[in-house]
Each structure stands twice: as C-alpha cells, then as structure tokens.
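Me: I am new to this structure. Please choose one part of it and look at it closely with me. I would like to follow how that part is built, step by step.

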Amino acid sequence: MLSILATDAASSAAGMGSMIISLVILFAFMYFFMIRPQQKEAKQKNAMLSALAVGDTVLTTSGFYGTVIDITDDTVIVEFGSNKNCRIPMQKAAIAQVEKPEDAAE
C-alpha cells in the first residue's frame, strides 16, 4: 500500500511538471508571435513620426493624402489637395505613412 501512494505522488509530480513546461512554452509562443511584433511595429511608427518634417507627403489613417505644413508637439497641420485653403490640424497618431520629397523625385 505504501508503494501505491509513492507511485501516485511521483506520477502527480510528473504531471505537474509537464503542465508547467506546457504553460512556459505557451507563453513563449505568445510572446514571440503576438507581443514582440506589436512592440516592433510601435517602435517603427514612433521612429517614422519622429522623422516627420515640413513638406513631407503623408497618408492619414482615414485614407487622405496631404502635405505637412506645420508641426508642433503632438499635432501637425496637413494641407489636402491643390486647394491651399484646405488645411486641417490633426494628431500625429493619425498619420499612417510618410513619403519624403526626395523619395518621390526618384
């Protein structure tokens, strides 16, 4: 009877160990395939927005193309189309893509 209790405890400990290993593998999988790419994308967007300059052509998150006229801390004034009267202030976070004027010339 004592040997039965010992084998039950050993199998229980082995089952607990395999469950912990499974959880560690699951969290590692989630980190490398979900969390890490999001952090990398956020870092790239912050770098793009910090390199933003007056005269750059931008694509907003709503799908409008425009030219940056003025930049403050977290807002930019964007001019849309050929009409010089259509200038709209917006947050930097609303910019999805930036094209530098020298890139457009090539």
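Reply: One term comes first: two strands pair if DSSP finds at least two bridges between them. The part I choose is the sheet. Keep in mind that the model is predicted.

Let us place the sheet in the chain. The protein chain has two helices and five strands. From the N terminus on, its elements run α-β-β-β-β-β-α. The five strands form an open sheet. Their order across it is 4-3-2-1-5, and the pairing is antiparallel. Strand 4, residues 87-91, and strand 5, residues 95-99, are the edge strands. Each of these two pairs on one side only. From one strand to the next, the twist averages 40°.

Now walk through the pairs. Begin with strand 1, which covers residues 57-60. Four bridges tie strand 1 to strand 5 in the antiparallel sense. One place to look is T60, whose bridge partner in strand 5 is I95. Strand 1 also pairs with strand 2, residues 65-71. Here three bridges hold the antiparallel pair. At this seam L59 stands opposite Y65 in strand 2.

Strands 1 and 2 form a hairpin with four residues between them. In the turn, G63 has a positive phi of about 100°. S62 is also found in the loop between strand 1 and strand 2. Is S62 buried or exposed? S62 has a relative accessible area of 54%; exposed means over 50%, so S62 counts as exposed. The C-alpha atoms of S62 and A96 are separated by 8.8 Å. Along the chain these two residues are 34 residues apart.

Next comes strand 3, residues 75-80. Five bridges join strand 3 to strand 2, and the two run antiparallel. V68 stands opposite V78 in strand 3. A hairpin of three residues joins strand 2 to strand 3.

Several of these residues also belong to a core. In soluble globular proteins, nonpolar side chains tend to be buried together. The largest nonpolar core in this model has nine residues: L49, L52, V58, V68, V76, V78, F80, M90 and I95. Strand 3 gives the largest share of this core, three residues. So the opposed pair V68 and V78 turns up again inside the core. I95, the bridge partner of T60, is in the core as well.

F80 deserves a closer look. Leave aside its neighbours within four places in sequence. F80 is then in contact with T60, F64, Y65, G66, C86, I88 and M90. Among them, M90 is a fellow core residue. Y65 is the residue opposite L59.

Charges come next. Side chains of opposite charge can pair when their charged atoms come close. The structure holds three salt bridges. Two of them share E79. E79 is buried, with a relative accessible area of 7%. One partner is K84, with the closest N and O atoms 3.6 Å apart. K84 is exposed, with a relative accessible area of 54%. The other partner is R87, at 3.0 Å from N to O. R87 is partly exposed, with a relative accessible area of 45%. Salt bridges that share partners join E79, K84 and R87 into one network.

The remaining salt bridge is between K100 and D56, with the closest N and O atoms 2.9 Å apart. This pair links distant parts of the chain, 44 residues apart. K100 sits in the loop between strand 5 and helix 2 (101-105). D56 sits in the loop between helix 1 (2-50) and strand 1. Both K100 and D56 are buried.

Finally, step back to the chain around the sheet. Of its 106 residues, 15% count as buried. Take contacts between residues at least 6 apart in sequence: 36% of them join residues at least 24 apart. The protein chain exposes about 8,100 Å². Carbon and sulfur atoms supply 64% of that area.

Definitions and conventions. Residues are numbered from 1 along each chain as its sequence is written. This is a predicted model: local features need pLDDT of at least 70, side-chain atom pairs count only at pLDDT 80 or more; totals for chains, interfaces and linings use all residues. Side-chain values use heavy atoms; hydrogens and water are left out. Axes are lines fitted to C-alpha atoms, for helices over the stretch in contact, and angles run from 0 to 180 degrees between N-to-C directions. A salt bridge is a side-chain nitrogen of Lys or Arg within 4 Å of a carboxyl oxygen of Asp or Glu. Buried means under 20% relative accessible area, exposed over 50%, partly exposed in between (1.4 Å probe, protein chains only). Contact means heavy atoms within 4.5 Å. Accessible areas come from the Shrake-Rupley method with a 1.4 Å probe; for residues, only the protein chains shown count as cover. A nonpolar core is a set of buried Ala, Val, Leu, Ile, Met, Phe, Trp, Tyr and Cys residues joined through side-chain atoms within 4.5 Å.
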